[in-house]
Amino acid sequence: MPAMDYSQVAHWYDTYVKTDIDIPFFINEAKDCGHVLELTSGTGRLSIPLIEAGVSLSCVDNSSEMLAILRHKLAAKGLSIHIYEQDMCNLALKEKFDLIIIPFNSFAEIVNSDEQHQALKAVWNCLTATGRFICTLHNPPIRLKSVNGQLILRGKHDLDDGESLFLWSVEKYEPENCLVKGIQFWEIYDQNGVMQRKSFVDIQFYLHQQEDFQRLIQSQGFQVISLYGDYSYGEFQKETSPFMIWILEKDRNHAKDA
Ligand SMILES: C[S@@+](CC[C@H](N)C(=O)[O-])C[C@H]1O[C@@H](n2cnc3c(N)ncnc32)[C@H](O)[C@@H]1O
């Protein structure tokens, strides 16, 4: 089962995901960097600011619905880039990139261990010898604070036609396999507060512990340049940092053996 069926929610994605906390960080990392590949670009929340900042960007995502929105937004702005509808676990790209990014904790959407290895191998193969790989993840103790088996209102959003979207979710942690599993409920109300539609989507994602992720990336030929805990370059603090922002490069010794 995939982490989430984005075909069901793509048309709402830009309404319910408004965050921009990571954009200055990624612009700073990607500018003057040569060719950049964004895996899991989705509707372009980050891609479009990167392109507008002059970054030479290519995008990959495996959801045709998310990419259709990205294509539409690019066309409206008169922008054009290479977009590949591919699974990051089975990348088939001829070009090599100076920087590869997986933003917004999206590596966690690969819930199967073999596929995590495959994706990292694919990143390694698409990276130039001196390239960097930035992978952002949730920090488990912080993310787990809102994983409590309770129904939580994640947001209320105004839609264009005067309707309102309520997004609820309930999540549970399965520590034995490092998975958070849950259900998201999507409710649409009219201007009088009368519910018009309701649907649900199953979700799951993998919570990587710091040491486990470090072992994983080392096994696939990467070494750590830096580990930040937030998008202001704060040092990673295991108990308090919201994120793990891994800046990685190829391990030259591994490269010789591979
Ligand atoms: C949470 S969204 C993030 C989108 C965008 N990066 C952002 O920051 O708003 C996760 C995205 O990852 C994509 N995705 C999930 N698993 C994938 C995979 N195995 N290969 C390629 N894309 C994947 C989904 O289709 C979705 O667009």
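**Local packing and salt bridges in a predicted model**

D61 is buried, with a relative accessible area of 10%, and the value comes from a predicted model. The residue belongs to strand β2, which covers residues 56–61. Leaving aside residues up to four places away in sequence, D61 is in contact with T40, S41, G42, M66, L67, Y84, E85 and Q86. A further spatial relation links D61 to I83: the two are 22 residues apart in sequence, and their C-alpha atoms are separated by 8.1 Å.

S47 is located in helix α3 (residues 47–52). Its relative accessibility is 0%, so S47 counts as buried. With residues up to four places away in sequence again excluded, the contacts of S47 are E38, S41, L57 and C59. S41 therefore appears in the contact list of S47 as well as in that of D61, where both lists rest on heavy atoms within 4.5 Å.

Helix packing was examined for α5 and α7. Helix α5 spans residues 113–126 and helix α7 spans residues 210–219; the two pack at an angle of about 50 degrees, and their axes lie 9 Å apart. Because of this angle, α5 is oblique to α7. The crossing of α5 past α7 is right-handed. On the α5 side the contact involves Q116, H117 and L120, and on the α7 side L216, I217 and S219. Sorted by class, the residues in the contact of α5 with α7 comprise 3 nonpolar, 3 polar and no charged residues.

Charged side chains were considered next. Side chains of opposite charge can pair when their charged atoms come close. Over the whole structure, a search finds 11 salt bridges. Among them is the pair of R154 and E171, whose side chains meet with an N to O distance of 3.4 Å. R154 is placed in strand β6 (residues 152–158) and E171 in strand β7 (residues 164–174), so this salt bridge ties together parts that are 17 residues apart in sequence. The two partners fall into separate accessibility classes: R154 is partly exposed, at a relative accessible area of 33%, whereas E171, at 3% relative accessibility, counts as buried.

Another salt bridge is formed by E187 and K198, with the closest N and O atoms 3.0 Å apart. Here distant parts of the chain are linked, as E187 is in strand β8 (residues 179–189) and K198 in strand β9 (residues 195–206), 11 residues apart. E187 counts as buried at 7% relative accessibility, while K198 is partly exposed, with a relative accessible area of 49%.

A salt bridge also joins K238 to E211, the closest N and O atoms being 2.2 Å apart. This pair likewise links distant parts of the chain: K238 sits in the loop between β10 (222–228) and β11 (243–250), E211 sits in helix α7, and 27 residues separate them in sequence. K238 is partly exposed, with a relative accessible area of 36%, and E211 counts as partly exposed at 37% relative accessibility. Beyond individual pairs, salt bridges that share partners join R143, R154 and E171 into one network.

Notes:
Residues numbered from 1 in each chain as written. Predicted model: local features only at pLDDT ≥ 70, side-chain atom pairs only at ≥ 80, totals over all residues. Heavy atoms only, no water. Axes fitted to C-alpha atoms, helices over the stretch in contact; angles between N-to-C directions. Helix = DSSP H or I, 4+ residues; strand = E, 2+ residues; numbered from the N terminus. Parallel < 35°, antiparallel > 145°, perpendicular 65-115°, else oblique. Left-handed = near helix turned anticlockwise from the far one by under 90°. Nonpolar A, V, L, I, M, F, W, Y, C, P; charged D, E, K, R; others polar. Salt bridge = Lys/Arg side-chain N within 4 Å of Asp/Glu carboxyl O. Buried < 20%, exposed > 50% of the residue type's maximum accessible area, 1.4 Å probe, protein only.
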